[in-house]
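Here is a short briefing for a first look at this chain. Start with the overall fold, then move to the core, the surface and the aromatic rings.

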Amino acid sequence: MCLGIPGQVVRMLEGYGDQLALVNVAGENRKVNVGMLPEETFNAGDWVIIHMGFVVEKTDKAGADAALAGLKMMGSGPDSGEISKASP
């Protein structure tokens, strides 16, 4: 597992070769690119790990929680305000 920002897919976006998803990250919706995982399908409710605006891993709630715990341990979790202010 890479250390990235967890988010939950809200919906897929039309256009852009079907490579963009709207993902809820710490309460804010962000457009992210899913093109690095062409073998995966994404649906509303799916959990993903994001790095530099790209989905690098499809995960489950436990994986998202683990990624968030790692961010919190490093002082970059939502409690510190870092995730919600970061650019996608």
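Helices and strands here are DSSP runs, with at least four residues for a helix and at least two for a strand, numbered from the N terminus. On that basis, the chain has five strands and two helices. The model is predicted.

**Overall layout**
- Along the sequence, the elements follow the pattern β-β-β-β-β-α-α.
- The chain has 88 residues, and 36% of them count as buried.

**The nonpolar core**
- The largest nonpolar core has eleven residues.
- Its valines are Val-9, Val-23, Val-25, Val-32, Val-34, Val-48 and Val-55.
- Ala-21, Leu-37, Phe-42 and Ile-50 complete the set.
- Strand 2 (20–25) and strand 4 are the elements that give two or more residues to this core.
- Strand 2 gives the most, with three residues.

**A nonpolar patch on the surface**
- Met-36, Met-52 and Phe-54 form a nonpolar surface patch of about 350 Å².
- One of these, Met-36, lies in the loop between strand 3 (28–33) and strand 4 (47–51).

**Aromatic rings**
- Ring centres of Phe, Tyr and Trp must lie within 6.5 Å to pair. By this rule, there are zero aromatic pairs.
- Phe-42 belongs to the largest nonpolar core. Its ring also has a charge over it: the charged end of Lys-58 sits there, 5.4 Å from the ring centre.

Note on methods: Residues are numbered from 1 along each chain as its sequence is written. This is a predicted model: local features need pLDDT of at least 70, side-chain atom pairs count only at pLDDT 80 or more; totals for chains, interfaces and linings use all residues. Side-chain values use heavy atoms; hydrogens and water are left out. Patches are made of residues with over 30% relative accessible area and no salt bridge: like charges are joined within 9 Å, nonpolar side chains (Val, Leu, Ile, Met, Phe, Trp, Tyr) within 5 Å. Accessible areas come from the Shrake-Rupley method with a 1.4 Å probe; for residues, only the protein chains shown count as cover. A salt bridge is a side-chain nitrogen of Lys or Arg within 4 Å of a carboxyl oxygen of Asp or Glu. Rings of Phe, Tyr and Trp (its six-membered ring) pair if their centres lie within 6.5 Å; planes under 30 degrees apart count as stacked, over 60 as edge-to-face and the rest as tilted. A charge sits over a ring if NZ of Lys or CZ of Arg is within 6 Å of the ring centre and within 35 degrees of the ring normal. A nonpolar core is a set of buried Ala, Val, Leu, Ile, Met, Phe, Trp, Tyr and Cys residues joined through side-chain atoms within 4.5 Å. Buried means under 20% relative accessible area, exposed over 50%, partly exposed in between (1.4 Å probe, protein chains only).
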